Amino acid sequence: MLIIDSKYKDFAEKLWGKNHEITPSFHHENLQTPVSDHPDMTLAQIDDIFVCCPESYDYYMRFLGDKVIPGKTRLLPNYPYDIAYNVLVYKNKAFGRADFIDNTVKEELKKRNIELINVNQGYSKCSCAITE
């Protein structure tokens, strides 16, 4: 499954729809328009589970079932109060602005022995590309 910014769902289905289930992201009314549909603003993936903002929990439950956990932090329009779920997890490291990361995200990282590395870039997931 690919969770795609809902504004680009049709485009993504044309490109990848034959090989992947395309799921549109949650549209968050509190976030500023340029990022209101970005999946990395409302959803953090940690291994095989997802932590989402409480506002999006019912929406993501429909697609992710018991793989989604509601976080505690409600998102607000302005930085840094919009980055609680914007965490990049790679292998046994996670990168994010630690002082604004949701506590449920932090708990799930700790359960899995994933080290949270504080970075000043609050939009840490949306400003990286992972290649191997």
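Author: A polar contact is a pair of N or O atoms within 3.5 Å; within protein, one must be able to donate a hydrogen and the other to accept it, and residues adjacent in sequence count only if both atoms are side-chain atoms. The model is predicted: local features need pLDDT of at least 70, side-chain atom pairs count only at pLDDT 80 or more, and totals for chains, interfaces and linings use all residues. Residues are numbered from 1 along each chain as its sequence is written, and side-chain values use heavy atoms, without hydrogens and water.

Reader: Which residue caps the N-terminal end of H4?

Author: Helices (DSSP runs of H or I, at least four residues) and strands (E, at least two) are numbered from the N terminus. The backbone nitrogen of Thr104 lies 2.8 Å from a side-chain oxygen of the capping residue, Asp102.

Reader: Seen down the axis of H4, within what arc do its buried residues fall?

Author: In H4, residues 103-111, the buried positions (under 20% relative accessible area, 1.4 Å probe, protein chains only) are Thr104, Val105, Glu108 and Leu109. They line one face of the helix, because the directions from the axis to their C-beta atoms fall within an arc of 140°.

Reader: Which residues are exposed on the other side of H4, and which one with positive phi follows the helix?

Author: On that other side, Lys110 and Lys111 are exposed (over 50%). After H4 comes a residue with a positive phi, near 55°, namely Asn113.

Reader: Which strands are included in what covers the buried residues of H4?

Author: Contact here means heavy atoms within 4.5 Å. The cover includes strands S3 (43-46), S4 (49-52), S5 (68-70), S6 (88-90), S7 (93-96) and S8 (115-118).

Reader: Three of these strands belong to an open sheet; which are its edge strands?

Author: The sheet has the order S6-S7-S8, with mixed pairing (at least two DSSP bridges between two strands). Strands that pair on one side only form the edges, and these are S6 and S8.

Reader: What is the bridge partner of Ala94 in S8?

Author: S7 and S8 run parallel and are joined by 4 bridges. In S8, Ala94 is partnered by Leu116.

Reader: How are the rings of Phe26 and Tyr59 arranged, and how many residues apart are they?

Author: The structure holds 5 aromatic pairs (ring centres within 6.5 Å; planes under 30 degrees apart are stacked, over 60 edge-to-face, the rest tilted). With centres 5.7 Å apart and planes at 55°, the Phe26 and Tyr59 pair is therefore tilted. Phe26 sits in the loop between S2 (22-24) and H2 (39-42), whereas Tyr59 lies in H3 (57-64), a separation of 33 residues.

Reader: Which residues do ring pairs link into a cluster?

Author: Phe26 is buried at 15% relative accessibility, and Tyr59 is buried at 16%. Tyr59 also makes an edge-to-face pair with Tyr60, at 5.2 Å centre to centre and 80° between the planes. Tyr60 counts as buried at 0%. The cluster consists of Phe26, Tyr59, Tyr60 and Phe63.

Reader: Is Ser36 buried or exposed, and which backbone oxygen does its side chain reach?

Author: Ser36 is found in the loop between S2 and H2. Its relative accessible area is 2%, so Ser36 is buried. Leaving aside neighbours within four places in sequence, Ser36 is in contact with Phe26, His27, His28 and Leu31. At 3.2 Å, its side chain reaches the backbone oxygen of Thr33.

Notes:
Rings of Phe, Tyr and Trp (its six-membered ring) pair if their centres lie within 6.5 Å; planes under 30 degrees apart count as stacked, over 60 as edge-to-face and the rest as tilted.
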